[in-house]
Amino acid sequence: MAKIELNNIAHSYNPHDANPLFALKEMSLSWADGGRYALLGPSGCGKTTMLNIMSGLVTPSHGRVMFDQKDVTHTITEERNIAQVFQFPVIYGTMSVYENLAFPLKCRHFADDQIDKKVKEVAEILNLQDFLKNRAKGLTADQKQLISLGRGLVREDVAAILMDEPLTVIDPDLKFRLRRKLKEINAKYKTTLIYVTHDQNEAMTFADNIIVMDEGEVVQAGSPKDLFERPQTTFVGYFIGSPAMNLYECQADNTNQVSLGMNTISVQTNLDQKNTSNLKLGIRSEYITVEQSSGPNTIHADVIEVEDFGNYKLITAQQDSLRIKAKVKREQVVPTDKVFLKFPAEHCCIYANNKLI
Amino acid sequence: MPKLYTFIKYFCVILWSCFVIAPFLWAISTSFKDFNSVTGGATYIPWLQFEPTLDGWSVLFKPGSQGGINIIGPYFNSIFVTFTASFISIALGTLSAYALSRYTFKAGFVQNNDITFFFISQRIMPPVVLAIPFFLFLSTLGLLDSLAGLILVYIVLLMPIAVWIMVDFFNRVPKEIDETALIDGCNPFQAFFKVVLPNSIPGMIVAGLFCIIFGWIDFFFAFILTFTNVQLLPVKIVALNSSITPWWSLSAAALVSVAPLIVVAFVVERFLSKGNLSGALK
């Protein structure tokens with residue numbers, strides 16, 4: 001296990017072109033030993049490139065990769081002692097399940113009894129103990145992915161286990177159990193887990209720390225709470241949360257007030273002497289409350305739709321061009337025509353040029 | 001409707017089987033006939049329509065002094081040359097194909113696809129274009145009329161087939177399997193030999209089959225690059241021809257010469273089943 005640092009890392013797949021395109025723009029990141037991380041972002045945002053740089057499958061165009069302060073930028077993959085699980089199951093089709101799980105240990109010349117003990121232990125964790133003698137090729141896609149995962153778990157001394165959307169082919173119930181299992185493994189062995197996903201729920205439920213990426217850049221890194229409550233950019237606000245954050249263009253009225261259409265909303269952001277052009281107000285639908293009457297920070301809007309999701313209701317309301325989504329408790333009585341929706345000042349985020357002020 | 005479908009399916013299969021088997025049956029029947037039975041109109045059933053004889057077969061094994069051609073030596077020469085050249089072609093071709101599939105080569109405008117095409121272009125040229133260069137090449141090396149010379153030439157002819165088939169095969173193998181092996185602790189050579197190669201056996205068998213077929217049926221180079229020391233089966237069979245075509249001996253020779261290919265086809269058939277080719281890796 002090791003502390004992994006990416007120092008000023010950037011990568012282009014066409015570095016010699018006149019205008020190279022950077023899959024990963026310059027950034028520095030640090031992964032604590034034993035941490036549980038999620039790399040979250042849309043497809044093509046550079047998540048996989050970052051993983052491949054850490055595992056050594058890709059050598060970065062710029063910057064250095066450090067494992068416990070040792071420069072491993074040009075160290076070959078097999079010497080980095082990293083485990084990586086890909087999106088689709090990669091198994092050694094000519095080997096049995098046992099041989100697949102034992103392969104990383106055999107390559108590293110572990111003793112046979114150690115291999116046997118570890119393989120059986122991991123097989124039990126992954127419910128593969130009944131298939132150990134079977135040919136890996138004949139198993140189902142999710143069982144094959146469990147083998148891929150197992151090959152990562154058999155080595156206790158790995159610097160980190162990198163998982164590139166590993167549960168894509170696994171059914172939802174098993175997915176949930178596996179995520180829990182991975183958390184247990186992280187707690188038991190203190191193995192650094194880095195989990196790439198574009199599914200925010202997966203990221204939020206799995207990781208202690210989430211790194212959100214977009215267009216080759218890290219746009220925010222923090223705990224699930226930070227990302228939810230104080231998204232640093234409108235992209236994070238939009239990308240994290242279901243439904244996405246309500247975002248509206250607004251104008252600054254004075255130090256702590258913005259006008260939103262024909263409404264005035266007080267905020268806790270100090271807008272004094274700030275670049276007040278291209279302002280946006282963002283608020284999570286979870287923080288909007290239904291009021292009985294008009295008051296400060298309240299918007300009177302037409303109810304368009306009320307959807308019952310079982311454990312909560314989702315109100316969609318509209319005032320002129322403002323479309324507001326509010327999540328309320330299921331037992332909350334919601335008027336069918338007009339509704340007063342309050343934007344609590346402490347939960348209003350103000351963005352200038354899409355960045356949080 | 002399902003019955004009609006089944007009927008059409010079986011009808012087509014039987015029709016195709018007849019199409020494939022009929023020439024063999026015809027050759028088997030002819031190989032047991034004599035001059036009169038062959039030239040006296042179509043006959044099919046032995047003992048009823050014609051009296052079977054082993055004359056056609058015995059010519060193949062009699063020495064020249066007794067009017068035969070004795071194919072045993074050329075037969076084993078053909079087996080040795082074809083299988084050795086095919087084996088070496090597959091071994092070298094697989095390595096080349098893996099490199100062409102996994103690594104990027106660039107020299108000016110020449111890239112991986114151009115190199116692959118260069119290999120296969122050896123087979124596109126008419127064989128006669130290569131005749132004189134090969135003759136001079138073997139002559140310089142002192143390998144004319146020798147098994148080693150023929151093996152060398154056949155490697156040049158068969159390796160493009162192996163490279164072409166294996167490049168396509170490796171291109172369809174996800175590179176993640178190599179990467180996984182590297183991550184699991186293999187170096188690139190171990191990744192190839194321990195993981196990629198065992199999974200590539202179906203592709204190698206297909207390539208091997210093609211190499212064996214093309215090597216086995218070659219007449220042209222076997223004819224111009226050998227004289228008296230070494231002879232291969234196709235050249236020897238052609239020697240059967242005379243002013244009166246001996247259809248009975250030629251039929252027997254055809255059956256004998258096709259036998260190794262049938263044996264090879266039966267042996268490798270199980271490797272070529274759908275289950276073995278698809279999902280070989282993932």
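**Two chains and their helix packing**

Colleague: Happy to look at this with you! How many residues of chain B are in contact with chain A?

Modeller: Glad to help; bear in mind that this is a predicted model. On the chain A side of the interface there are 20 residues. The chain B residues in contact with them number 18.

Colleague: Which element gives the most to the side of chain B that touches chain A?

Modeller: Two elements of chain B give two or more residues to that side, helix H8 (176-184) and helix H9 (188-199). By class, the side has nine nonpolar, five polar and four charged residues. The element that gives the most, with seven residues, is H8(B).

Colleague: Let's turn to helix packing in chain B. Why is H7(B) described as it is relative to H10(B), and what is the term?

Modeller: Helix H7 (residues 147-171) and helix H10 (residues 201-217) of chain B pack with their axes 9 Å apart, at an angle of about 155°. Angles over 145 degrees fall in a class of their own. The relation of H7(B) to H10(B) is therefore roughly antiparallel.

Colleague: And how many nonpolar residues does the contact of H7(B) with H10(B) have?

Modeller: From H7(B) come Tyr154(B), Leu158(B), Ile161(B), Ala162(B), Ile165(B), Met166(B) and Phe169(B). They meet residues of H10(B) including Val206(B), Phe210(B) and Phe214(B), and the two helices pass in a right-handed crossing. The contact has no charged residues and two polar ones, and its nonpolar residues number twelve.

Colleague: Nice. Which residues have the most contacts inside the largest nonpolar core?

Modeller: This core has 133 residues. H7(B) gives the most to it, with 16 residues. Inside the core, the residues with the most contacts are Ile194(A) and Ala162(B).

Colleague: What does Ile194(A) touch, leaving aside residues up to four places away in sequence?

Modeller: Ile194(A) is one of the two residues with the most contacts inside the largest nonpolar core. With those sequence neighbours set aside, Ile194(A) touches Trp31(A), Tyr37(A), Leu39(A), Leu51(A), Ala160(A), Leu162(A) and Met163(A).

Colleague: How many residues are in the other core, the one with Val267(A) and Phe343(A)?

Modeller: That core lies apart from the largest one. Among its members are Val267(A), Val328(A), Leu341(A) and Phe343(A). Its size is 26 residues.

Colleague: In chain A, how are H2(A) and H3(A) oriented to each other?

Modeller: Helix H2 (residues 97-107) and helix H3 (residues 112-125) of chain A have axes 9 Å apart and pack at an angle of about 130°. Their crossing is right-handed. The orientation of H2(A) and H3(A) is therefore oblique.

Colleague: Which residues of H3(A) meet H2(A)?

Modeller: The residues of this contact divide into eight nonpolar, no polar and two charged. H2(A) brings Tyr98(A), Leu101(A), Ala102(A), Leu105(A) and Lys106(A). Facing them in H3(A) are Ile115(A), Lys118(A), Val119(A), Val122(A) and Ala123(A).

Colleague: How many helices and strands does chain A have?

Modeller: Chain A has 357 residues, of which 43% are buried, and its C-alpha trace spans about 75 × 50 × 35 Å along its principal axes. Of its contacts between residues at least 6 apart in sequence, 65% join residues at least 24 apart. Its elements come to eight helices and 21 strands.

Colleague: One last one: is His16(A) buried or exposed?

Modeller: His16(A) is placed in the loop between strand E1 (4-12) and strand E2 (22-31) of chain A. It has 7 C-beta neighbours inside 10 Å, and a residue with 12 or fewer meets the cut-off. His16(A) therefore counts as exposed.

Technical notes:
Residues numbered from 1 in each chain as written. Chains lettered and ligands numbered in written order. Predicted model: local features only at pLDDT ≥ 70, side-chain atom pairs only at ≥ 80, totals over all residues. Contact = placed C-beta atoms within 7 Å. Helix = DSSP H or I, 4+ residues; strand = E, 2+ residues; numbered from the N terminus. Nonpolar A, V, L, I, M, F, W, Y, C, P; charged D, E, K, R; others polar. Axes fitted to C-alpha atoms, helices over the stretch in contact; angles between N-to-C directions. Parallel < 35°, antiparallel > 145°, perpendicular 65-115°, else oblique. Left-handed = near helix turned anticlockwise from the far one by under 90°. Core = buried A, V, L, I, M, F, W, Y, C linked by C-beta atoms within 7 Å. Buried ≥ 20, exposed ≤ 12 C-beta atoms within 10 Å, placed from the backbone.
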